[in-house]
Amino acid sequence: MLLTTYENIIYLFKKNNNYMNFDMLKEYGITITQINELLDRNDIYKISRGWYGLSMIERCDNYKIIELSLVNPKIVICNQSAAFYHGLIDEEPKEVSFATKRTDRSKMNVYFSVDRHYFSAASFGNDIDILKTDVTDVKITSKDKTVCDCIRFDYQIGKGITESIVERYLMCEDKNISRLQYYAMQMRINKHINNYL
């Protein structure tokens with residue numbers, strides 16, 4: 001690859017917040033051969049089918065949820081991952097938990113560990129917060145819905161971590177117990193939530 005072509009591709013990545021998909025690259029006349037050469041040189045890395053990131057920059061703290069949202073803008077970060085971004089736990093989970101509508105069966109093969117959940121269309125209402133980033137908007141379940149989700153999946157998350165999430169939630173000024181109980185009723189975990197409140 002010519003040096004000017006290489007520099008042009010790196011410039012394009014930087015111009016697009018260090019992320020580009022195959023269609024964007026193709027639009028600029030970048031070939032699959034050139035993409036593969038950049039992958040072989042570790043100048044870019046493959047996020048998922050058709051999505052690439054620039055390797056030579058330091059990634060931001062929340063790069064995993066940004067990259068997932070690039071691959072599928074319809075996902076919603078949930079459970080323990082959402083609890084981390086709401087400040088209800090200190091340590092970022094090893095797996096990124098996200099949810100899609102039951103009808104969304106698009107593949108999410110990424111290079112890091114994920115835990116996928118499916119929700120009914122009724123579950124996607126006013127219980128979603130939007131995290132604005134320079135790259136893309138990231139959907140995250142609201143704090144109240146996150147706590148309910150964590151209680152619902154306490155067998156998977158662990159009772160100790162779930163108790164910690166609930167304790168921090170109860171100390172928050174913006175907690176809404178009636179909303180929490182509403183979600184618990186919708187999710188049919190009314191009795192289970194009382195073990196934590």
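**View 1. Two helices, α5 and α7, help build the second largest pocket.** In this predicted model, α5 (79-85) and α7 (154-157) each give at least two residues to the lining of that pocket. As for how much room there is, the volume of the second largest pocket comes to about 230 Å³.

**View 2. Here's who lines the second largest pocket.** Going along the chain, you meet N79 and Q80, then E91, E92, P93, K94, E95 and S97. D115 joins in too, as do Q156, I157 and I161. Sort this lining by class and you get 5 charged, 4 polar and 3 nonpolar residues.

**View 3. Helix α6 meets helix α8.** Now for a pair of packed helices. Such a pair is described by the angle between the two axes and the distance between them. Here, α6 covers residues 143-152 and α8 covers residues 159-171; their axes come within 9 Å and cross at roughly 155°. Angles over 145 degrees count as roughly antiparallel, so that's the label for α6 and α8. The crossing of α6 past α8 is left-handed.

**View 4. A close look at the contact of α6 with α8.** On the α6 side, look for K143, D144, V147, C150 and I151. Facing them from α8 are T162, I165, V166 and Y169. What's the mix by class? This contact has 6 nonpolar residues, 1 polar and 2 charged.

**View 5. Helix α6 also meets helix α9.** The axes of α6 and α9 (residues 177-186) come within 9 Å, crossing at roughly 45°. α6 and α9 are therefore oblique to each other. The handedness of this one is right-handed, with α6 passing α9.

**View 6. A close look at the contact of α6 with α9.** α6 brings D144, K145, V147 and C148 to this contact, while α9 brings R179, L180, Y183 and A184. By class, that makes 5 nonpolar and 3 charged residues, with no polar ones. You may recognise D144 and V147: they take part in the contact with α8 and in the contact with α9.

How values were computed:
Residues numbered from 1 in each chain as written. Predicted model: local features only at pLDDT ≥ 70, side-chain atom pairs only at ≥ 80, totals over all residues. Heavy atoms only, no water. 1 Å grid on protein atoms, 1.4 Å probe; cavity = no way out; pocket = protein on both sides within 12 Å on 5 of 7 lines; lining within 4 Å. Points joined across faces, edges and corners; volume = space filled by probe spheres on them. Helix = DSSP H or I, 4+ residues; strand = E, 2+ residues; numbered from the N terminus. Nonpolar A, V, L, I, M, F, W, Y, C, P; charged D, E, K, R; others polar. Axes fitted to C-alpha atoms, helices over the stretch in contact; angles between N-to-C directions. Parallel < 35°, antiparallel > 145°, perpendicular 65-115°, else oblique. Left-handed = near helix turned anticlockwise from the far one by under 90°. Contact = heavy atoms within 4.5 Å.
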